[in-house]
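Work through these short exercises with the model in view. Try each task before reading its solution.

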Amino acid sequence: MPPLPLSLGLGTSGLDDPESCAETVRTALNAGYRHIDTAQMYGNEVAVGEGLRASDVDRDEVVIATKIHYDNLSPEAVRETAHESLDRLGLDRVDLLYVHWPMGAYDPERTLPAFDALREAGVTDHVGISNFTPELVREASGILDSPIAAHQVECHPRFKQPELRRLAAEFDHHLVGYSPLGRGEILDEDVLVEVAEAHGTSSAVVALAWALERDVVPIPKATGDHVTENLMALEVDLRESELAAIDDLADGDRVIDPEQAAWNR
Ligand code: NAP
């Protein structure tokens with residue numbers, strides 16, 4: 001299997017209304033997105049599949065990623081619910097299948113071989129992990145036969161994940177950044193606003209362009225005009241001094257509830 005091509009993607013968590021979810025996915029694909037991120041947990045795999053089919057884009061041109069819920073990480077449930085996800089999406093395979101969180105029924109020695117088996121069976125082309133600590137990444141890489149294609153974690157200018165970015169380079173997997181806009185909470189940071197003004201764009205676009213320059217694949221969730229606006233991140237050319245100024249922004253708290261996080265259990 002060739003390496004997974006991963007460009008800026010559309011996040012779909014919170015796209016709860018089926019009709020508007022399908023319409024947002026369709027619009028995003030027609031506008032140029034080629035990577036859609038969903039999960040069993042989001043309850044919108046049916047709508048994501050509908051949006052894909054309603055678009056003008058060939059299925060094979062799109063990376064469709066979904067994630068197995070942490071309650072479904074026994075080997076039997078991995079197998080069964082991966083097929084249920086395919087049924088909901090209306091697909092015969094996904095491009096990327098993640099372990100959503102290493103918690104709940106996660107048992108590395110039992111869960112990860114089940115993901116290998118799904119890759120061998122053609123249910124997914126690639127295996128991914130999400131919300132793993134550096135220690136858990138190393139452990140998973142020692143157990144999986146499949147290469148880890150992507151690790152998805154919270155990453156944005158106020159939560160930069162230097163260690164996991166270094167590890168991604170060492171292990172040669174994509175670091176996919178979720179909540180790349182800090183759920184909207186980072187958009188009034190002075191440095192983002194100033195750089196945005198210099199480029200005649202928005203602080204959201206600057207945050208996404210920073211991620212792309214730092215080898216992080218951002219997956220912003222967006223609706224309406226934000227969907228096409230965020231694609232401008234692919235065009236903006238930030239100066240080294242601007243990237244460095246964003247690098248210097250102090251990290252804050254995660255925007256994703258740490259109560260939910262594996263490292264807190
Ligand atoms: P996010 O993408 O950082 O932020 C989404 C928020 O930003 C929405 O309120 C959206 O509003 C707004 N927004 C989008 N584009 C904007 C723009 N150009 N200007 C101003 N506001 C803008 O947060 P997220 O949804 O938490 O993360 C993105 C995706 O990551 C999720 O959808 C999901 O696919 C994934 N994720 C994965 C995990 C995991 O555990 N693996 C956890 C969290 C998230 P509008 O809707 O109005 O555009």
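**Exercise 1.** How many Å separate an oxygen atom of the ligand from an N or O atom in the side chain of Thr223?

*Solution.* This is a predicted model. Start at Thr223: an N or O atom in its side chain lies 2.9 Å from an oxygen atom of the ligand. A polar contact needs such a pair within 3.5 Å. The Thr223 pair, at 2.9 Å, therefore counts. Next, ask how far the ligand is covered. On its own the ligand has 910 Å² of accessible area, and the protein covers 86% of that.

**Exercise 2.** Find the distances from ligand oxygen atoms to the side chains of Arg183 and His100.

*Solution.* Take Arg183 first. A side-chain N or O atom of Arg183 is 2.5 Å from a ligand oxygen atom. For His100, the corresponding distance is 3.2 Å.

**Exercise 3.** Describe the shell around the ligand.

*Solution.* Begin with the space: the ligand takes up the largest pocket. Then list the residues. There are 28 around the ligand, and Asp37, Ser179, Arg183, Lys221 and His226 come nearest. Sort by class: eleven are nonpolar, twelve polar and five charged. Finally, look at origin. Helix 9 (residues 225–231) gives the largest share, three residues.

**Exercise 4.** Why is one side of strand 1 and of strand 8 left without a neighbour in the sheet?

*Solution.* First write the order: 1-2-3-4-5-6-7-8, an open sheet of eight strands with parallel pairing. Strand 1 (10–11) and strand 8 (216–218) stand at the edges, each with a single partner strand, so one side of each has no neighbour in the sheet. Now step inward. Strand 2 (residues 35–37) pairs with strand 3 (residues 63–68) in the parallel sense over three bridges. Ile36 stands opposite Ile64 in strand 3.

Technical notes: Residues numbered from 1 in each chain as written. Predicted model: local features only at pLDDT ≥ 70, side-chain atom pairs only at ≥ 80, totals over all residues. Heavy atoms only, no water. Near = heavy atom within 4 Å. Polar contact = N/O pair within 3.5 Å; in protein donor to acceptor, adjacent residues only side chain to side chain. Areas by Shrake-Rupley, 256 points an atom, 1.4 Å probe, with all protein chains shown as cover. 1 Å grid on protein atoms, 1.4 Å probe; cavity = no way out; pocket = protein on both sides within 12 Å on 5 of 7 lines; lining within 4 Å. Sits in = over half its atoms within 2 Å of the grid points. Helix = DSSP H or I, 4+ residues; strand = E, 2+ residues; numbered from the N terminus. Nonpolar A, V, L, I, M, F, W, Y, C, P; charged D, E, K, R; others polar. Pairing = 2+ DSSP bridges.
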